[in-house]
Amino acid sequence: MNYKRLVSVILASIFVLNAASCSLRRPTESTAAPEIPSNTIEAPTLPSESTVETTVPTATPEPTPGVKPTYIGLSAEEIVELMTLEEKASQMVQGTNYNLSRDEMSANCYGSVLSYDGNWPSIEYSRWHNIISNYQIAALSSDTGIPFIYGNDCLHGLNMVIGNTIFPHNINLGAANDVELMREMGVITGSNMLYTGMLWNFAPCVAAAQDPRWGRTYESYSSDNSIIEPLALAFTEGLMDQGIIPCPKHFFGDGYVVFGTGEGDNLIDRGDASMTQDQIDECLALYQSLIDLGVQSIMISHSSLDGTKMHEYEFYINYLKTEMGFEGVVLSDWDSIHNCSGETLKDNVIHCVNCGIDMFMEETTYEEVRDYIIEGVNEGLISEERINDAVTRILKMKMAAGLFEDPYQESRTPAYDFNSDHEHEVARTLATESMVPLKLNSDVTLTEGMRVFVTGPASDDTGVLCGGWTYVWQGGSDADLGMRWCAEGPSILRALQTAADEIGFEIVTDESEIDTCDVVILVVGEMPYAEWLGDSEDISITGALALEGNLEAIELAANSGLPTTTLIVAGRNVIISDYIDSWDNVIMCYLPGSEGGNAVADILTGNATFSGHLAMPYYSSVDQIGTGRYWLGIGYSAADEA
Ligand code: BGC
C-alpha cells in the first residue's frame, strides 16, 4: 500500500480510538487568553561535531566535509563531464526522509531528499537542521561529493515543524488578494525554512480549481488564472528573496480534471483534465510568468490531459523546456511515474526520462529508479545527452541555492527571527482580509453588554482552522486528537473570549442559557483533509466531510430564534442552501490558519472591516458545477451590497 494511503488509514484509526475516549475527546473549556509564544527561540545551531545527532554518522570527519575540491570554480556542465553514469543517475532521484538513510546517502550521493513526517507533534527547526546537516555530511563524504538539497511542502508557512505560525491556505489568500502581503508571506516562509536547512519548497500551487468537489480546492488561490498569477508571483518572489528554490506545481491542468475521472477510486484527484485551448494557454502563460521570474524547478501534475498522463506528455514537457525557455529542473510528483502507461516501472522510468523528467520523487523506489536509468542508458534506450541535460539542470539549481559555496548554509541570514511577532501579524492580517461575507442582514459587531452564545464544532478547534498540510499531510482536529492541534494561536472561541474580556460582552456556551442570549455565533466546518481524501460528491455543510455536530449546532441555533451569524471554516465553498434562510449573516472563513481565531475576533469586534471577495464561484447546489450557473460569482462580497 502507498505510504500516504497507509498513513491515512492509521490516522483514521487513531482518531477513532481517541474519539472513543471521552476524556480525550475535547480540550477542556477554558476562557484564558491564548498564549502567543514569545520570540525566545535561539538562532539555529550550525553543524559542528557537538550539534550533530549522535546516531549518524558516528565517525564524523573533522572538519565537516566540503564540496569535492575538483568541482570548485567549474560550471555545471563541466562538473557533469567529470561524473560517472552511476553518479549522474543518483542525482536524478529524490527519496523520502524516512526511507533514505544517511548511509545510503554516503554510498550513493543522491540528488535530493524530501519530507514526510507523519508524527504529531512535529519536531523543532533545530532538529531538522541537524537532520539535514547530517545528510549533507553524508553526501559530501561520498565519492561523488556533490551537495544534496532538501525539499518540503511549505504551502502555508513552514510545515512539519513546530513553533511557527500556520498561514491561511491558498483559498483564503485568493479571497484576500493582497499582493504585497503575499510577497511578505513568501519572505517569512523562506526565512523560516532557512532555520531548518530546507531550501526547496514545493510551492506555490497554481492549480485553478474548477470543481469544489476536488479535495485540493483549498490549495488553489482561485479558479481564475488572472487572480492566481499575481499572488503566485509575489509569493514566489518572497521565497526567492530568501534564497529558497520555489517549485510551482502541478504542471499543468490539475484544476481542470473532470469529476468522475479520478485515478483509481478517486472521484477527481489525479484524474483526466479536459481543457479548451484558451484554458491551456492561460495555464501556460502563468507558468511562463514564473519562468520569467527565474524559478528553477517545476513539478509535474499527477493528472492527465485528454488521456495522457502529464508525466509522459512529451509534447508539453518539451514545450516547457524549448518554447517557454525553462532551464530548471522538471520534478516528478510523488511516485507518479508508477501510474504512467508502461507495463513495468523500468518502462516508465525510461519513458519519463525521455519525455523530459529530470528528477524523480520516489517514496521507496529511488534506488530502483536510479538503476533503471543506468540500465536504460546502457541498453541504448536513453541517450547520455538526455542524462547530462537533466543533471546539468539539477546542478545549476543547487548552485543557485548556494549549495556549492555554502553546503551547510552557514552564511545564511534569515530575514526574521523564527516565529517573530511580525509573522503572527502578517498571518493575522491575511486571515482577516480573507473573510468573505456571503450574507449580511445585520451588523455582525459584538458590543459591550451583549450575551453571545457561541456554538458549533469548529468554534473551539485550532486544527480545523488550519486544515490539511499542517504538521502532517492530512492535518488533524483538536477534537480527534484530544488536545490542541496547533498551539500557535487561539481557537475562535478563545479569541472571542479574549475580546469579550476587553470589550465587556459575555460569551456563553452552556446550551441551557441560550435563551438568555442576544445573538448566536454558529461555527460550522469541514474536517481537515488533503489530496484525494478530500474528494467528495456531497459538499454540503452537513455532508460527507462535514464536522460531526454541524447539523445539531445548526438546529440549536435555528430553534433559538436568535439573530445568528454563521462562520464557515472549510476548504471550499460548501453548499449551504438548505440552511441559509435561518441565518442572518454568513461569513466564509475558509482555512485561515493559526491566526484564524484572532482574525474572526477582529472582524466581529469591528477591529477590522470586510475586504475579502470570492475568488471562486459559490454554487447553490452541486448540479450547477460546470454549467456556468452559480449562486454568487467571483468578486462577490455581501459587504459591497450593503
Ligand atoms: C503532492 C504534491 C506534493 C508531494 C510531496 C504529492 O502527492 O501531489 O503536491 O508536493 O506529494 O509531498
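Helices (H or I, at least four residues) and strands (E, at least two) are DSSP runs, numbered from the N terminus. The model is predicted: local features need pLDDT of at least 70, side-chain atom pairs count only at pLDDT 80 or more, and totals for chains, interfaces and linings use all residues. Residues are numbered from 1 along each chain as its sequence is written, and side-chain values use heavy atoms, with hydrogens and water left out.

**Exercise 1. The chain as a whole**

Task: State how many helices and strands the protein chain has, and establish whether its radius of gyration agrees with that of a compact globule.

Solution.
Step 1. The protein chain contains 21 helices and 17 strands.
Step 2. The radius of gyration is taken over C-alpha atoms, and the globule rule is 2.2 Å times the number of residues to the power 0.38.
Step 3. For 642 residues a compact globule would have a radius near 26 Å; the protein chain has 25 Å, which agrees.
Step 4. The C-alpha trace spans about 80 × 55 × 45 Å along its principal axes.
Step 5. Buried means under 20% relative accessible area, exposed over 50%, and partly exposed in between (1.4 Å probe, protein chains only). Of the 642 residues, 64% count as buried.
Step 6. A contact means heavy atoms within 4.5 Å. Among the contacts with a separation of 6 or more, 77% come from residues 24 or more positions apart.

**Exercise 2. The charged side chains**

Task: Give the numbers of positive and negative side chains in the protein chain, and the distance between the centres of the two sets.

Solution.
Step 1. Lys and Arg count as positive and Asp and Glu as negative, while His and the chain ends are not counted.
Step 2. Each charge is placed at NZ of Lys, CZ of Arg, CG of Asp or CD of Glu.
Step 3. On this basis there are 29 positive and 94 negative side chains, and the two centres lie 4 Å apart.

**Exercise 3. The six-stranded sheet**

Task: Determine the strand order of the open sheet, identify its edge strands, and describe the surroundings of β3.

Solution.
Step 1. Two strands pair if DSSP finds at least two bridges between them.
Step 2. The order of the six strands is β5-β4-β3-β2-β1-β11, with parallel pairing.
Step 3. At the edges stand β5 (245-246) and β11 (360-362), each of which pairs on one side only.
Step 4. Three bridges connect β2 (residues 112-114) to β3 in parallel, and Ser112 stands opposite Ile149 in β3.
Step 5. β3 (residues 149-152) is also joined to β4 (residues 200-201), by two bridges and again in parallel. Here Asn152 has Asn201 as its bridge partner.
Step 6. In a regular strand the side chains alternate between the two faces of the sheet. In β3, Ile149 and Gly151 point one way and Tyr150 and Asn152 the other way, and all are buried.

**Exercise 4. Helix α20**

Task: Decide whether helix α20 is enclosed or open, and name elements that cover its buried residues.

Solution.
Step 1. Nine of the nine residues of α20 (residues 596-604) are buried, so the helix is largely enclosed by the rest of the structure.
Step 2. The cover includes the helices α15 (421-433), α16 (462-466) and α18 (492-503). The strands β15 (519-525), β16 (564-569) and β17 (585-588) also belong to the cover.
Step 3. After α20 comes Gly606, with a positive phi near 80°.

**Exercise 5. Loop residues and backbone geometry**

Task: Locate Thr217, Ser336, Cys109 and Glu531, then find the cis peptide bonds at Pro204 and Phe252.

Solution.
Step 1. Thr217 occupies the loop between β4 and α9 (225-241) and counts as buried at 1% relative accessibility. Beyond its neighbours within four places in sequence, its contacts include Ile171, Gly571 and Met616.
Step 2. Thr217 and Asn573 are 356 residues apart in sequence, yet 9.1 Å apart in space, C-alpha to C-alpha.
Step 3. Ser336 lies in the loop between β10 (329-331) and α12 (345-355). Ser336 touches His302 and His311, residues up to four places away in sequence not being counted.
Step 4. Cys109, in the loop between α5 (102-108) and β2, has a positive phi near 50°.
Step 5. Glu531, in the loop between β15 and α19 (550-560), has a positive phi of about 50° although it is not a glycine.
Step 6. The peptide bond from Ala203 to Pro204 is cis, with omega near 5°; that from Phe251 to Phe252 is cis, with omega near -25°.
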